[in-house]
Amino acid sequence: HVMQKLIEKLEQSEDKEKLVEIIVANINDLCIHQYACRVVQKIFDFCEENERIKMFEEISKDLIDLCRDQFGNYVIQHILDKMGGKNCPQIYQALKGRIYEMSIHKFASNVIEKCLYNGTDEQKTEIINELLNKGDNVHDSLISLVKDKFGNYVVQKMIEYAPEKPGMAMIDHIMNNPELRKKKDAFAKHVINYIEKKGY
């Protein structure tokens with residue numbers, strides 16, 4: 001708490017620059033610490049743009065591990081909120097090909113939800129299309145997500161924030177699945193009810 005207040009109060013000075021340098025040098029260790037992750041988020045808000053870019057470059061080196069970490073995922077979510085998907089395409093690029101895997105992860109699924117909230121239409125469409133195109137007769141990624149205890153929340157966010165065309169393709173895919181329509185699966189029931197509540 002003292003460190004967070006110090007970051008707020010320090011004007012741009014040599015002292016603040018030194019503080020940022022120390023944090024950048026240890027950024028990935030700090031991101032996965034229960035308390036230090038809050039300090040990282042705070043300094044991300046108050047540092048200069050060039051310092052923010054430097055921090056983000058370091059964080060990007062361990063992006064996947066941070067997304068999966070119980071504290072690191074909050075840092076990635078904060079960056080997405082602060083910068084917006086348009087300004088941090090590295091996150092979307094790193095997650096490409098891993099959307100399903102990350103969506104069923106307890107912590108990383110929160111990052112995918114933030115990607116959907118903060119992404120451009122193009123970025124959101126890529127996330128949805130990755131799931132729609134990954135399905136086959138043996139394993140349908142989207143349907144599996146609907147039935148998953150973490151993935152079902154991601155699917156609900158996809159429905160909420162999707163551009164119209166991929167959003168409707170996804171809803172059709174879900175609603176045309178006869179097993180899901182029976183509402184026997186507890187997690188799938190949340191998604192079907194959400195779709196029906198939206199009036200689809």
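Which residues does Q4 touch, not counting residues up to four places away in sequence? The legends below take up that question and then move on to other close-ups of this predicted model.

**Figure 1. Q4 and its partners beyond the local stretch of chain.** Here we look at Q4, which has its place in helix α1. Once residues up to four places away in sequence are set aside, Q4 touches R38, V39 and K42. The relative accessible area of Q4 is 14%, and because buried means under 20%, Q4 counts as buried. Two of the residues it touches, V39 and K42, will turn up again in the next view.

**Figure 2. Helix α4, a mostly covered helix.** Helix α4 runs over residues 36-46, and eight of its eleven residues are buried. The buried set is made up of A36, C37, V39, V40, Q41, K42, I43 and F44. Where do the buried residues of α4 pack? They lie against α1 (2-9), α2 (14-25), α3 (27-31), α5 (49-60) and α7 (72-83). As background for reading such a view, an α-helix has 3.6 residues a turn, so residues three or four places apart point the same way.

**Figure 3. R52 over the ring of F44.** Staying with F44, one of the buried residues of α4, this close-up turns to its ring. The charged end of R52 sits over that ring, 5.5 Å from the centre.

**Figure 4. I59 in the largest nonpolar core.** The largest nonpolar core has 60 residues. Which residues have the most contacts inside it? They are I59, I76, I91, L95, M158 and I174. Take I59 as a guide: leaving aside neighbours within four places in sequence, I59 is in contact with I27, N28, C31, L66, V75, I76 and I79. I76 is thus on both lists, as a contact of I59 and as one of the residues with the most contacts inside the core.

**Figure 5. E130 beside the stretch from L95 to Y100.** E130 has its place in helix α11, residues 121-134. Is E130 buried or exposed? With a relative accessible area of 17%, E130 is buried. Apart from neighbours within four places in sequence, its contacts are L95, K96, G97, R98, I99 and Y100. L95 may look familiar, as it is among the residues with the most contacts inside the largest nonpolar core.

**Figure 6. D140 and the backbone of I143.** D140 is found in the loop between α11 and α12 (141-146). Its side chain reaches the backbone nitrogen of I143 at 3.2 Å. The relative accessible area of D140 is 22%, and D140 is partly exposed.

**Figure 7. The aromatic pair of Y117 and Y161.** The count of aromatic pairs in this model comes to one. Y117 and Y161 form that pair, with 5.3 Å from centre to centre and 75° between the planes. The pair is edge-to-face, because planes over 60 degrees apart are placed in that class. It links distant parts of the chain: Y117 is in helix α10 (residues 108-118) and Y161 is in helix α13 (residues 151-161), 44 residues apart. Y117 counts as partly exposed, at 48% relative accessibility.

**Figure 8. E160, a further residue of helix α13.** E160 is found in helix α13 and counts as partly exposed at 36% relative accessibility. The C-alpha atoms of E160 and Y117 are separated by 8.8 Å, while the two residues are 43 residues apart along the chain. Leaving aside neighbours within four places in sequence, E160 is in contact with Y194 and K198.

**Figure 9. K183 in the loop between α15 and α16.** K183 has its place in the loop between α15 (178-181) and α16 (186-197). What does K183 touch, not counting residues up to four places away in sequence? The residues are K189, I192, N193 and E196. At a relative accessible area of 27%, K183 is partly exposed. For a sense of distance, the C-alpha atoms of K183 and G85 are separated by 34 Å, with their positions 98 residues apart along the chain counted as the separation.

**Figure 10. The setting for the close-ups.** The protein has 16 helices and zero strands. Its C-alpha trace spans about 65 × 30 × 30 Å along the principal axes. Of its 200 residues, 46% count as buried.

Terms used: Residues are numbered from 1 along each chain as its sequence is written. This is a predicted model: local features need pLDDT of at least 70, side-chain atom pairs count only at pLDDT 80 or more; totals for chains, interfaces and linings use all residues. Side-chain values use heavy atoms; hydrogens and water are left out. Rings of Phe, Tyr and Trp (its six-membered ring) pair if their centres lie within 6.5 Å; planes under 30 degrees apart count as stacked, over 60 as edge-to-face and the rest as tilted. Helices (H or I, at least four residues) and strands (E, at least two) are DSSP runs, numbered from the N terminus. Buried means under 20% relative accessible area, exposed over 50%, partly exposed in between (1.4 Å probe, protein chains only). A charge sits over a ring if NZ of Lys or CZ of Arg is within 6 Å of the ring centre and within 35 degrees of the ring normal. A nonpolar core is a set of buried Ala, Val, Leu, Ile, Met, Phe, Trp, Tyr and Cys residues joined through side-chain atoms within 4.5 Å. Contact means heavy atoms within 4.5 Å. A polar contact is a pair of N or O atoms within 3.5 Å; within protein, one must be able to donate a hydrogen and the other to accept it, and residues adjacent in sequence count only if both atoms are side-chain atoms.
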